[in-house]
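Open the model in a viewer and keep the selection tool at hand. The stops below go from one selection to the next.

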Amino acid sequence: MLRFIGALIRPYRGTLVIILLAMLIETIMSLATPWPLKIILDNVVGNHKMAPWLHHLLGPVLESGSRLQVAAVAALLYVFISTLGAIASYIDNYYTESVGQWVAHDLRMRMYSHLQRLSLGYYNTHQTGTILSTLTTDIQTIQGFASSSTLSILVDMLTIVCMLGLMFWLNWDFTLIALAVTPFLLLFVSRFKKSVKTATKEVRRDQAQIVAVVQQGLESMQVVKAFGQERTEEDLLAVVSHATVAAALKARSVKALLSPVVTVTVAACTALVLWRGAALILAGSMTIGSLTVYLAYLSRFFKPVKDLATTTNAIAQVAVGAERVREILDTDTIIPEKPDGLEPTTLQGAIELQHVAFGYDPAIPILTDISFTIKPGEFVGIVGPTGSGKSTVVSLLPRFYDVQSGEVLIDGHNVRDYKLKPLRDQIGYVLQETILFRGTILENIAFGRPQATKEEVIAAAKLANADEFISRMPLGYDTLVGERGSTLSGGQRQRIGIARVMVRNSPILLLDEPTAALDSESEKLVIDALEKLMKGKTVIAIAHRLSTIRDANQIIVIDGGVVAEDGTHDQLIARNGIYAELHRTQFDSGSNKEPT
Ligand code: ADP
Ligand code: MG
């Protein structure tokens, strides 16, 4: 984990050096704070000889002036020490915050750009809410730690070492007595560390689960209301929320003990120091000033120890956060891209599948042996029972998934030989449901090709039969669309989806039941728009209504993971197989009247 954090803060080395220097000055100043008091007690009020180094520093004042002048110098020294410490603390906090923020920014960007590259398969198996929670909360934890805590651990340790050094220098056997209780404290801190780490891990997992539950519930609000499942949703949250509380409370007894244990330990040490110190002062082997320094250090000595304990808490949280972030960053379900891949500018649109086998889970094959050939400019229909894998076949062309065996060829090259983005740029995709983004209609259409001008967008919308309803809206193309397009009707969304593909003007067009969810009136408008879109392109249309692919150059029937039949409409009717049967069911039901 430290290596991971180290890599994150490496770009900010320069600033870290400043922070470290500021922290060192803070430490030195905090070590120096009790010394002016010692001077006053021992050399102004008392009659002790000054230590040689101190004499060297204050000698002139001592020789020429009165004791009160020495007191004044000591008092000034105190102000100086405190001010310097305060300035250092300002610099420390100022830069710590900025390093933390930028580290979080870097990590956020790195994670999101990784998430953009992960294959769709990843999202089939991972909850959006959990990912969201890592992207926000876990990064926030790391942010707090990355800059401040790593350094403050160093500084705390340094403070402890320096204090011990000074204390031993003042009076070594006395120091041993003073610190007699410390091992118990250290034992306790290490016990604290262990239980906090376990609890933190559980808490974070449950917190992520809370986000996941809420995110899913809010997203499906309409269904929840329609089925009156508000209570079920609340209960779902109650379960995970309870789990979080239980996990967080697990470490509570140890956590709550931390501060009292430190207080009692400090009191015990202080008592020893007071008792033994009094004896030493009476015996004349220690000054009152030294005892004061001891007392001051003792209370300070346990602050870093206590800090180390709380930092342990922070470290546990960060370790867990870093683990969760790395889990995502280390996922490599990225669709591999050849570095010297082909970058087609315009494809002809020849498509060929050779003995393709594929399953989302390799153990459960969906497609076992699919082969077909489509010539450039052809219009091909795909039909088959629901769940037979029609959408799956089509999603192999833009490489949303890679095949397990066999080959997918476009213009004679395996799709793996192309660079991903140029390949996908050549493909237009209209799905059963068009997903729109929160934003204006203009932005939503231009999503197909961000560099498109407003004129091009309007031209596309006109061809897609969308201009008419868009212009009727008060703000026209600048109308804001609700999340997922919730403020538009299904037919309107589809026509925007078609306009989006229209501005893209790609030579290959994939239509996955684009009219399946529409009423017959919208369907007419959408079909009319699609006919314009299809001109001059290689089109694969998954048809839910057979009448829409009647004129196709070729109709492929997929069933049982293989191509069960293929041919033109007339050939397949004559064959009297699956297609003919499907055809009969559809036209007998009377939903589609068509002369035969
Ligand atoms: P069709 O479009 O012919 O109705 P699909 O290609 O959508 O069928 O689905 C074929 C099979 O693959 C179905 O059994 C479905 O349950 C499964 N499937 C579809 N999408 C996924 C996915 N993202 N992850 C796992 N299984 C899937
Ligand atoms: Mg489908």
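**Stop one: the ligand**

Select ligand 1 and Lys390: a polar backbone atom of Lys390 lies 2.8 Å from an oxygen atom of the ligand. Keep in mind throughout that this is a predicted model. Add Gly389, where a polar backbone atom is 3.0 Å from an oxygen atom of ligand 1. Then add Asn124, which places a polar side-chain atom 2.9 Å from a nitrogen atom of ligand 1. Taken alone, ligand 1 exposes 560 Å², and 61% of that is buried by the protein.

Now widen the selection to the whole shell. Ligand 1 is surrounded by Asn124, Tyr360, Ile366, Pro385, Thr386, Gly387, Ser388, Gly389, Lys390, Ser391, Thr392 and Tyr401. Colour these residues by type: four are nonpolar, seven polar and one charged. Helix H14, residues 390-395, gives the most to this shell, with three residues.

**Stop two: the nonpolar cores**

Which residues touch the most other members of the largest nonpolar core? Select Ile445, Ile498 and Ile549 to see them; the core has 44 residues. Helix H19, residues 490-504, supplies the largest share of this core, with six residues.

Centre on Ile445 and show what surrounds it. Beyond its neighbours within four places in sequence, Ile445 is in contact with Val457, Ala461, Ile470, Tyr477, Ile496, Ala499, Arg500 and Val503. Next, move to a second core, separate from that one and made up of 29 residues; among them are Leu367, Ile370, Phe372 and Val403.

**Stop three: Thr244**

Select helix H11, residues 230-250, and pick out Thr244 within it. Is Thr244 buried or exposed? Its relative accessible area is 9%, so Thr244 counts as buried, the cut-off being under 20%. Show the side chain of Thr244 and follow it to the backbone oxygen of Val240, at 2.8 Å. Leaving out residues up to four places away in sequence, Thr244 touches Val203, Asp206, Gln207 and Ile210.

**Stop four: Ser547**

Go to the loop between strand E10 (538-542) and strand E11 (554-559), and select Ser547 there. With a relative accessible area of 27%, Ser547 is partly exposed, because that class lies between the buried limit of 20% and the exposed limit of 50%.

To finish, zoom out and select Trp53 together with Ser547. The two are 494 residues apart along the chain, and their C-alpha atoms are separated by 102 Å.

Conventions:
Residues are numbered from 1 along each chain as its sequence is written. Chains are lettered from A and ligands numbered from 1 in the order in which they are written. This is a predicted model: local features need pLDDT of at least 70, side-chain atom pairs count only at pLDDT 80 or more; totals for chains, interfaces and linings use all residues. Side-chain values use heavy atoms; hydrogens and water are left out. A nonpolar core is a set of buried Ala, Val, Leu, Ile, Met, Phe, Trp, Tyr and Cys residues joined through side-chain atoms within 4.5 Å. Buried means under 20% relative accessible area, exposed over 50%, partly exposed in between (1.4 Å probe, protein chains only). Helices (H or I, at least four residues) and strands (E, at least two) are DSSP runs, numbered from the N terminus. Contact means heavy atoms within 4.5 Å. A residue is near a molecule or strand if one of its heavy atoms lies within 4 Å of it. A polar contact is a pair of N or O atoms within 3.5 Å; within protein, one must be able to donate a hydrogen and the other to accept it, and residues adjacent in sequence count only if both atoms are side-chain atoms. Accessible areas come from the Shrake-Rupley method with a 1.4 Å probe; for residues, only the protein chains shown count as cover. Ala, Val, Leu, Ile, Met, Phe, Trp, Tyr, Cys and Pro count as nonpolar, Asp, Glu, Lys and Arg as charged, and the others, Gly among them, as polar.
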